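Here is a short guided tour of a protein model, written for someone meeting structures like this early on. Keep the 3D view open and turn it as you read.

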Amino acid sequence: MLAVVVNEINKLSSIEVREIEPPQPESHQVLIESMAAALNFPDLLQIRGKYQIVPATPFVPGKEAAGVVIAVGTDVEHIQLGNRVLVEVDYGAFAEQVAADAQRTFVLPDEIEMPTAVAMGLVYQTAYIALTERAALRAGETVLVTGASGGIGLASVQLAKAFGATVLAATSDPTKFDAVRYAGADHVIDLSMTPLSDKLRDQVYGVTGGKGVNVVLDVVGGQAFDASLRSLAFGGRIVVLGFTSAEISNIKANYLLLKNIAAVGMTINGYFAKQPEIVTAAQVEIINLWRQGKIRPNIHAELSLHEFANAFEMLENREVVGKVVLTPD
């Protein structure tokens, strides 16, 4: 099968697209013929050797794919040959065939196209669980989303609107303001203004009548996290989803105490490991919201596996609005 292969960690010139042996599914796994795979920010970190899971080389990167089941392990009961599915893996998705745990395999309705399905996987699952489980969002509350033009960001904007929230979308690129408004943002917050510690809070207070926001979903970290923390209203909650700025902030406990606010973390890998049933339930609701027309993933570009280097460069240069999808040649 054709696959993207990383031969050496943090050496982009070592990445090649070539024929390799297809994976053999274990008893608890399924094997799919992939029709679409989605690029995620953790894929960049993994290739750079900066992700919590660093595979031995050579390895095939990629965390999610959509396709048709062509083999089923002996212990698998709820997945059948020929099912159209979305699969989530630690790595291995950028290939023509992908083996995945049945527990991380989601059957798709016939009416959803594969590129749409894979673009509505990890980032929507992450945003859904962050909003419902970690932030306990209630209808009528106000949500600030940092990194709002990225995969998790746009998913968070759409889902927060679907849940009845007022949404503030924060991005540092003015060329992406229209995209976050189109996704449903009620207000756009400019992260390029300095000093950010004051300017972000000023903008938030300006559109909330000085009240601040009830919930922050932060994927940026660093100064954006610090400024967002100061923008929370009484009883507010901030959910840490990542650090695209490569800066990790420290929180002073007395600040949480004095403002009566909460800071929590969330990683989808933890839910796959400890509470996979929550991810399964989230994916069912995500599909339902898509059927109702309340969410629509934005596919920035569809490229072939042979164009992986272009996809990687687009994502690393922060050119992508939404998702880049890779398809077999």
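The points below go from the sheet to the helices around it and then to some single residues.

Please keep in mind that this is a predicted model. A good place to begin is the open sheet, in which six strands pair in parallel in the order β10-β9-β8-β11-β12-β13. Once you have found that sheet, you can add the other pieces one at a time.

**The sheet and its edges**

- Which strands stand at the edges of the sheet? They are β10 and β13 (262–265); each has a single partner strand, so one side of each is left without a neighbour in the sheet.
- From one strand to the next, the sheet twists by 20° on average.
- At the β13 end, strand β12 (residues 232–240) runs parallel to β13, and four bridges join the two. Within this pairing, Val240 stands opposite Gly265 of β13.

**Strand β9 and its two neighbours**

- Is strand β9 (residues 166–171) mostly covered or mostly open? It is mostly covered, since five of its six residues are buried, and buried here means under 20% relative accessible area.
- On one side, β9 pairs with strand β8 (residues 142–146) in the parallel sense over five bridges. You can pick out one of these by finding Thr146, whose bridge partner in β9 is Ala170.
- On the other side, β9 runs parallel to strand β10 (residues 187–190), with four bridges joining them. Here Ala169 has Val188 of β10 as its bridge partner.
- Helices connect these strands too: β8, helix α4 (residues 151–162) and β9 make a right-handed β-α-β unit. A further right-handed β-α-β unit is made by β9, helix α5 (residues 177–182) and β10.

**Helices α6 and α7**

- Two packed helices are described by the angle between their axes and the distance between the axes.
- For helix α6 (residues 196–207) and helix α7 (residues 222–229), the axes come within 8 Å and cross at roughly 45°. That angle makes α6 oblique to α7, and the crossing is right-handed.
- Which residues meet where these helices touch? From α6 they are Leu196, Ser197 and Leu200, and from α7 they are Gln223, Ala224, Ala227 and Ser228.
- Returning to the sheet, strand β12 and β13 are joined by four bridges. α6 packs on the sheet, where it touches β8, β9, β10 and β11 (213–218), and its direction makes about 165° with that of β10. α7 also packs on the sheet, touching β8, β11 and β12, with its direction at about 155° to that of β12.

**Helices α1 and α11**

- Helix α1 (residues 41–48) and helix α11 (residues 308–316) pack with their axes 10 Å apart and at an angle of about 105°. The two helices are therefore roughly perpendicular to each other.
- α1 brings Phe41, Leu44, Ile47 and Arg48 to this contact, while α11 brings Phe308, Phe312, Leu315 and Glu316.

**Two residues to look up**

- Gln158 is found in helix α4. Why does Gln158 count as buried? Its relative accessible area is 7%, and the buried class covers values under 20%.
- Leaving aside residues up to four places away in sequence, Gln158 touches Tyr124, Ala183, Lys294, Ile295, Arg296 and Pro297.
- Pro174 sits in the loop between β9 and α5 and counts as partly exposed, at 48% relative accessibility. Pro174 is 18 residues from Ser192 in sequence, and their C-alpha atoms are 8.6 Å apart in space.

**Backbone details in the loops**

- Most residues other than glycine have a negative phi, and most peptide bonds are trans.
- The peptide bond from Thr57 to Pro58 is cis, with omega near -5°; Pro58 lies in the loop between α1 and β4 (64–72).
- Another cis peptide bond runs from Thr194 to Pro195, with omega near -5°, and Pro195 belongs to the loop between β10 and α6.
- Ala136, in the loop between α3 (122–134) and β8, has a positive phi of about 50° although it is not a glycine. Ala136 is partly exposed, at 39% relative accessibility.
- Asn260 also has a positive phi, near 55°. You will find Asn260 in the loop between α8 (253–259) and β13, where it is partly exposed with a relative accessible area of 42%.

Notes
Residues numbered from 1 in each chain as written. Predicted model: local features only at pLDDT ≥ 70, side-chain atom pairs only at ≥ 80, totals over all residues. Heavy atoms only, no water. Buried < 20%, exposed > 50% of the residue type's maximum accessible area, 1.4 Å probe, protein only. Pairing = 2+ DSSP bridges. Right-handed = clockwise from strand over helix to strand, strands pointing away. Axes fitted to C-alpha atoms, helices over the stretch in contact; angles between N-to-C directions. Parallel < 35°, antiparallel > 145°, perpendicular 65-115°, else oblique. Left-handed = near helix turned anticlockwise from the far one by under 90°. Contact = heavy atoms within 4.5 Å.
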